[in-house]
Every structure is written in structure tokens, then in C-alpha cells.
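Here is a short briefing on a protein model shown with DNA. Look at the sequence and the structure first, then work through the points by topic.

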Protein chains: 2
Amino acid sequence: MDRIDRKLLNLLQHDASRTNANLADEVGLSPSSCLRRIRRLRQAGVIDRIAAILNPAKAGRTLRAVVTVELRLHGEPNTRQFLDSAVREDAVAQAHAVTGDVDAVLMLRLRDMEEYDALCHRLFQDRTNVARYWTMMVIRTAKDETAIPL
Amino acid sequence: MDRIDRKLLNLLQHDASRTNANLADEVGLSPSSCLRRIRRLRQAGVIDRIAAILNPAKAGRTLRAVVTVELRLHGEPNTRQFLDSAVREDAVAQAHAVTGDVDAVLMLRLRDMEEYDALCHRLFQDRTNVARYWTMMVIRTAKDETAIPL
DNA sequence: CGCCTCCGTGCATTTTTATTGCATACTGGA
DNA sequence: TCCAGTATGCAATAAAAATGCACGGAGGCG
């Protein structure tokens, strides 16, 4: 994992559709060497996958929200059970168990408030283990980065 | 944006390294038609980009945190100013202005607590506009999805 | 200090994949 | 029903990726 690998990863994190020859040129390697490095990085699992990133607006999921959740019963098995139910929801983009005043944080991607309403019923109400939850609707996203700085 | 487009997008969101012929076969189209659809989706901006998704553990950023921030001076220009400073930080993966008790939410990707400490000094202390902030360290991530369900 | 091995590199070639031209089939509107 | 616009499949071409092979530098060891 030298300087060239890092440079390659940075380029690929922002645009993985570039040709190998193009990348090779930019990092100062021959195409074959460059390709072999990329393949090595994939096999080592440093590169988890190559994915298409959609424009949320054009995919019809413009509404985002951050929800913090306090459970009635805390501790490992309860937290796990709650997260399992959250993971199954399409609108839940991220689900984390966290330290602090609450037990979990969810990041939602919603079509509209109707979907939000329905989701709240399923995850937070009636016979769920949720004591309270706080919803922060996203007004504006200033940064949303999939790349990990190296 | 018909059923085939959605199917293509779902496949590409999870693995954009597949060959066109392979995709075409799976959605039941000829390679050329399939390719033209994908190109159309890219030009229309539905597909924002193709990106390599790294394994955070192997990229050396295993620590994650969610930070909620309350500003001293609220309102648009102040929030914007704070978010601008957050955006510049490598460790800040996401930065959102939100509704609710706080003004902003940050998602962090950190190397270690030392980096967290340094970041807090720069963003939250001294002459910043931050009144209070609450850090929720991520214990476990149950879901972390880049794909947008269609 | 020299030798040896291993790993990464570059070049040339082969194989695979993407792209394009063209004729045909389909779809929605008058 | 006809027409215009658009998508489709096939075949040919262009481009890119993958591979075999020989060379060269870094590090270990006598």
C-alpha cells in the first residue's frame, strides 16, 4: 500500500469508469502494472466493490432524515433486535448502534412524508422496544461523500 | 424509466463492474440495447457516477461517529458558514443542516480518537459559532447502503 | 561485497468487451 | 389506420482488458 496505490484508490473512489490506460498514465505506470495493482487491491478486499451512485433526486428519494432512537430495554440483544428490524426497511440507508443518550441512529431516504409515517408505525410504535425517538429532517446536505480519504 | 431501467439500476448499484453482455442477458436485452440504456441513464444524470467503494477497515478509517451540533447564532448565513467549515474536513463524510433541537448533523470517519480531538478543536471550540455538540460514537453498523431502492 | 531470489514492471500479443451502423419492430398520437 | 419518433437486435468494428515473457531493482544471505 504505497503512494501509487493510494493515488489509484483516490481516483477510483471518485470515478471507477475511467479506462485502465488512462489511470495508468495519470499515476505514471504502464497499463499492465496498473491493472495488476487494481486487481490486487480488489482481491485483498481494499476495494469492496464498484458501484453506480445514483442521483437521489432523479431516483425519487429526495427526502432525508436522521433519527435517533432510545430503547426501553437497552443492552445487546435488545439493540440487535431493533437494528435487525431497521435493516429490513428499504428507507433505512444506515443503521448504527451508538454511545450517548440514545441507543441507535438511523439515516433515512424517503419518497415523502407518507412513507415516513408508515415507517414510524412499523419501527417505533405499538409493540416495539422503542421508548422515544427524535427525527431531524434534512434541510440541506452540504457534503455526502462515499470516498474514504487516504 | 420502465421496469428494465429499474432492474438495470438495481444491478449497477450493487455491482457496476459486470460486463455489459452479462447485464444484458440478465435483464433480457441485447448487449447494444442494454448499453444504450445505461448510457442514457448516465447522460440523464440518474446515474451520477461509478465509484469504487472501499472497505473502511482496510483503508484505516474504522472509527465512525455521528455528531449533532447546536449553533449559538442560528439562521441561514450562520448555518451555511458552519457547514462550509465542516465540508473542508476530510473526516467529515456527511454534513447536513437539519430541523429539530440541533442545527446540523455530521457523520465522521476517523482514524482514531486523536483525530477526533483535533477535529473538535477546529470545528467546535474557541471562536466558532458552536454552542454545544453531542457525539455519538458508532459501536456497530448494522446497515450502510449506497444503493437507493427503486 | 557479490550473488541470488522475489516481486514489480513494461512490451507485445491475444482475448474479451464496448461501440457503432443499419434495418426492423414497436409505441403513442392525430 | 397511418405516421413520426424511438427502441431493438444483429453484425461489424474499435477499444480495452488480460496474459506471457523477459528485464530490472530491492532486500536477504553467504
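## DNA strand D

DNA strand D is surrounded by 13 residues, and the closest are Leu35(A), Ser30(B), Ser33(B), Arg36(B) and Arg37(B). Of the strand D atoms that come within 4 Å of the protein, sugar and phosphate account for 63%. Keep in mind that this is a predicted model.

**Contacts with strand D**

- Arg37(B) has a polar side-chain atom 2.6 Å from a phosphate oxygen of DNA strand D.
- Arg39(A) also places a polar side-chain atom by this strand, 3.1 Å from a phosphate oxygen.
- For Ser33(B), an N or O atom of the side chain is 3.2 Å from a phosphate oxygen of DNA strand D.
- Three helices each supply at least two residues of the surface near strand D: helix H2 (20-27) and H3 of chain A, and H3 of chain B.
- Sorted by class, that surface has three nonpolar, six polar and four charged residues.

**DNA strand C**

- Around DNA strand C there are 13 residues, of which Ser30(A), Arg36(A), Arg37(A), Asn20(B) and Arg39(B) come nearest.
- Sugar or phosphate holds 58% of the strand C atoms within 4 Å of the protein, and the rest belong to bases.
- An N or O atom in the side chain of Arg37(A) is 2.6 Å from a phosphate oxygen of DNA strand C.
- Arg39(B) has a polar side-chain atom 2.9 Å from a phosphate oxygen of DNA strand C.
- Asn20(B) uses its backbone: a polar backbone atom is 2.9 Å from a phosphate oxygen of DNA strand C.
- Helix H3 (31-43) of chain A gives two or more residues to the surface near strand C, as do helix H2 (20-27) and helix H3 (31-43) of chain B.
- The surface near strand C has three nonpolar, six polar and four charged residues.

**Where chain A meets chain B**

- The contact takes in 62 residues of chain A and 62 residues of chain B.
- About 5800 Å² is buried between the two chains, and carbon and sulfur atoms give 56% of that area.
- There are 39 residue pairs in polar contact between chain A and chain B, counting pairs with both residues at pLDDT 80 or more.
- Several elements of chain A each supply at least two residues to the side that touches chain B, among them helix H1 (3-14), helix H4 (76-87) and strand S5 (130-144).
- S5(A) gives the most to this side, with ten residues.
- By class, the side of chain A that touches chain B has 33 nonpolar, twelve polar and 17 charged residues.

**Strands paired across the chains**

- S1(A) pairs with strand S1 (residues 47-54) of chain B. The sense is antiparallel, over seven bridges.
- In this pairing, Ile53(A) stands opposite Arg49(B) in S1(B).

**Salt bridges**

- How many salt bridges does a search of the whole structure find? The total over all chains is 22.
- Two salt bridges are found across the interface of chain A and chain B.
- Arg140(A) and Glu76(B) meet through their side chains in a salt bridge, at 3.7 Å from N to O.
- Within chain A, the side chains of Arg37(A) and Asp5(A) form a salt bridge, at 2.8 Å from N to O.
- Arg37(A) lies in helix H3 of chain A and Asp5(A) in helix H1 of chain A, so this pair ties together parts that are 32 residues apart in sequence.

Terms used
Residues numbered from 1 in each chain as written. Chains lettered and ligands numbered in written order. Predicted model: local features only at pLDDT ≥ 70, side-chain atom pairs only at ≥ 80, totals over all residues. Heavy atoms only, no water. Contact = heavy atoms within 4.5 Å. Buried area = accessible area lost by both parts, 1.4 Å probe. Salt bridge = Lys/Arg side-chain N within 4 Å of Asp/Glu carboxyl O. Polar contact = N/O pair within 3.5 Å; in protein donor to acceptor, adjacent residues only side chain to side chain. Helix = DSSP H or I, 4+ residues; strand = E, 2+ residues; numbered from the N terminus. Nonpolar A, V, L, I, M, F, W, Y, C, P; charged D, E, K, R; others polar. Pairing = 2+ DSSP bridges. Near = heavy atom within 4 Å.
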